[in-house]
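This report describes the architecture of a two-chain model, from its sheets to its contacts. The structure is shown first, and the description follows.

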Amino acid sequence: MFDDRSPIYRQIADQIKDDVLRGVLSADDQVMSTNQYAACYRINPATAAKAFAQLVDEGVLYKRRGVGMFVHAGARERIRGDRRERFFAEVLEPMADEVRALGIPVADVVARLQQLIPGDSR
Amino acid sequence: MISTSALQVRYGDVAALHSLDLDLPAGRIYGLLGRNGAGKTTLLSTLAGLRRPSAGSVTVDGAPVFENARVTTRICLIRDDGGLGDGTDTLHDILTMAAILRPGFDTGYAASLMDRFALPRRRTLRALSRGQRSAFGIVVGLASRADLTMFDEAHLGMDAANRQVFHDELLADYASRPRTVILSTHLIEEQGPLFEQVLILHEGRLLLRADTDELRSQGVAVTGPAGLVDDFVSGLTVLGERRLGPTKQVTVFGALDERRRALARSLQLQLGPVALQELFIHLTGGAA
């Protein structure tokens, strides 16, 4: 489930953010409890709690005392904004390196992107 | 809170533990790691009050442990050899005795664990396989619900499926009844995620104590042309290196800051994670 190397709490936080971004979790949905996370992924509950604490700090989740953790109304937009900022540095630039190393014409890349994402041909 | 202060344990001329100071707040799951002979079993049996400190002290909530029945009834240590009598008692009888001797023992929970591990109640301990004996130790350890529960490589010989049952039951029972658990293990990758903190013993001393997840992010493998890698890692804590032709990989300890990461990108060096087990091997002196 997790790669065995980078901090597990960060991987859990990223998974929850992915779920929010893709609409699997919507605003005001309750997320599983730390103990449910711990049991499901076979990890220490404190590790799951750390992921939740990070997501509260980032404004993705909010806590209702005695009830649990819920998805913040603005979470999806916040994650989207954050990922967009990082997209060029973290996704596109490494891809550009690869495109250059392989000698693939840029026009081919653009054409394939347009084919994969129809309806946005600007 | 379990505390040791200047704890020393000697076997004749040989010191198994040197002046160990340790405070373990209650209610957490700790992993105790160390090479063979590092002192793990000595530490756990001293914490359990089974061994008298040669010097220094061991206390639980301020009370000395050794020969203090009021404290030791709240402690359960399961050893890799079971440590549950001479083997001629049936499992049923051992469970009955445990229920009498241990104030928190939950007979119903023990029964459900016996079923999960498919253990035969009417058999004697001696008649069981190695893995079954270990599973039975796990049953006693979990069902004791002791405030301080320690498993000293208690999983030895258990198959992967039964170890998974052990881990699942441990987490589920810990969630509903938080208590202090210490597991000593060599199964670092498999059991690492269960621990909130890891303690690494090395040659009778505490080498390192860290949140498991933090420790995991402390190791970085730097890979690239040998000259560039050497320049990049100078001044960092180098744990080990490997070379393949012109390429070199160096394992460093200590998270890299953003400036270093940017430098690595500009030099086109690859930065990769290091598994907990690999970090452990490097920190405790590498493979012999």
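Two strands are taken to pair when DSSP finds at least two bridges between them. The model described here is predicted. In chain B, B:L244 has B:T247 of strand β13(B) as its bridge partner.

**The sheet of β11 to β14 in chain B**

The bridge between B:L244 and B:T247 belongs to an open sheet of 4 strands. Its order is β12-β13-β11-β14 (chain B), and the pairing is antiparallel. At the edges stand β12 (237-244) and β14 of chain B, each of which pairs on one side only. From one strand to the next, the twist averages 25°.

Strand β11 of chain B covers residues 219-225. On one side, β11(B) pairs with β13 (residues 247-253) of chain B, and B:G224 is placed opposite B:K248 of β13(B). Strand β11(B) is also joined in the antiparallel sense to β14 (residues 270-273) of chain B, where B:V220 has B:P273 as its bridge partner. The strand pairs for which bridge counts are available, including one from the other sheet of chain B discussed below, are set out in the table.

| Strand pair | Sense | Bridges |
|---|---|---|
| β11(B) and β13(B) | antiparallel | 7 bridges |
| β11(B) and β14(B) | antiparallel | 4 bridges |
| β12(B) and β13(B) | antiparallel | 7 bridges |
| β1(B) and β4(B) | antiparallel | 5 bridges |

Is strand β11(B) enclosed by the rest of the structure, or open to its surroundings? Because 5 of its 7 residues are buried, β11(B) is largely enclosed by the rest of the structure. A residue is counted as buried when 20 or more other C-beta atoms lie within 10 Å of its own.

A helix accompanies this sheet. Helix α9 (residues 226-233) of chain B lies across β11, β12 and β13 of chain B, and it runs at about 145° to β11(B).

**The sheet of β1, β2, β4 and β5 in chain B**

Another open sheet in chain B has 4 strands in the order β2-β1-β4-β5, again with antiparallel pairing. Its edge strands are β2 (14-24) and β5 (63-64) of chain B, and each of them pairs on one side only. Strand β1 of chain B spans residues 2-11 and strand β4 of chain B spans residues 55-60. Between these strands, B:S5 stands opposite B:S57 of β4(B). Helix α1 (residues 40-47) of chain B lies across β1, β2 and β4 of chain B, at about 120° to β1(B).

**Domains of chain B**

Chain B is divided into domain 1 (2-214) and domain 2 (217-283). The C-alpha centres of these two domains of chain B are 36 Å apart. Contact between them involves 8 residues of domain 1 of chain B and 7 residues of domain 2 of chain B. On the domain 1 side, α7 (188-191) and β10 (205-211) of chain B are the elements that give two or more residues. By class, that side of domain 1 comprises 5 nonpolar, 1 polar and 2 charged residues.

**The nonpolar core**

In soluble globular proteins, nonpolar side chains tend to be buried together. In this model, the largest nonpolar core has 93 residues, and those with the most contacts inside it are A:I12, B:L47, B:I78, B:V139, B:M150 and B:V222. Helix α5 (residues 130-143) of chain B gives the most to this core, with 7 residues. The core draws at least three residues from each of domain 1 and domain 2 of chain B. A:I12 touches A:Y37, A:A48 and A:A51, leaving aside residues up to four places away in sequence.

**The contact between the chains**

The contact takes in 17 residues from chain B and 16 residues from chain A. On the chain B side, α6 (160-176) and α8 (212-216) of chain B each supply at least two residues. Helix α6(B) gives the most to that side, with 5 residues. The chain B side has 10 nonpolar, 2 polar and 5 charged residues.

**An exposed position in chain A**

A:L113 is located in helix α5 (residues 106-116) of chain A. Is A:L113 buried or exposed? A:L113 counts as exposed because it has 11 C-beta neighbours inside 10 Å, and the cut-off for exposure is 12 or fewer. A:L113 and A:D57 are 56 residues apart in sequence, and their C-alpha atoms are 35 Å apart in space.

Methods
Residues are numbered from 1 along each chain as its sequence is written. Chains are lettered from A and ligands numbered from 1 in the order in which they are written. This is a predicted model: local features need pLDDT of at least 70, side-chain atom pairs count only at pLDDT 80 or more; totals for chains, interfaces and linings use all residues. Two residues are in contact if their C-beta atoms, placed from the backbone, lie within 7 Å. Axes are lines fitted to C-alpha atoms, for helices over the stretch in contact, and angles run from 0 to 180 degrees between N-to-C directions. A nonpolar core is a set of buried Ala, Val, Leu, Ile, Met, Phe, Trp, Tyr and Cys residues joined through C-beta atoms within 7 Å. Domain bounds come from an automatic or database domain assignment. Ala, Val, Leu, Ile, Met, Phe, Trp, Tyr, Cys and Pro count as nonpolar, Asp, Glu, Lys and Arg as charged, and the others, Gly among them, as polar.
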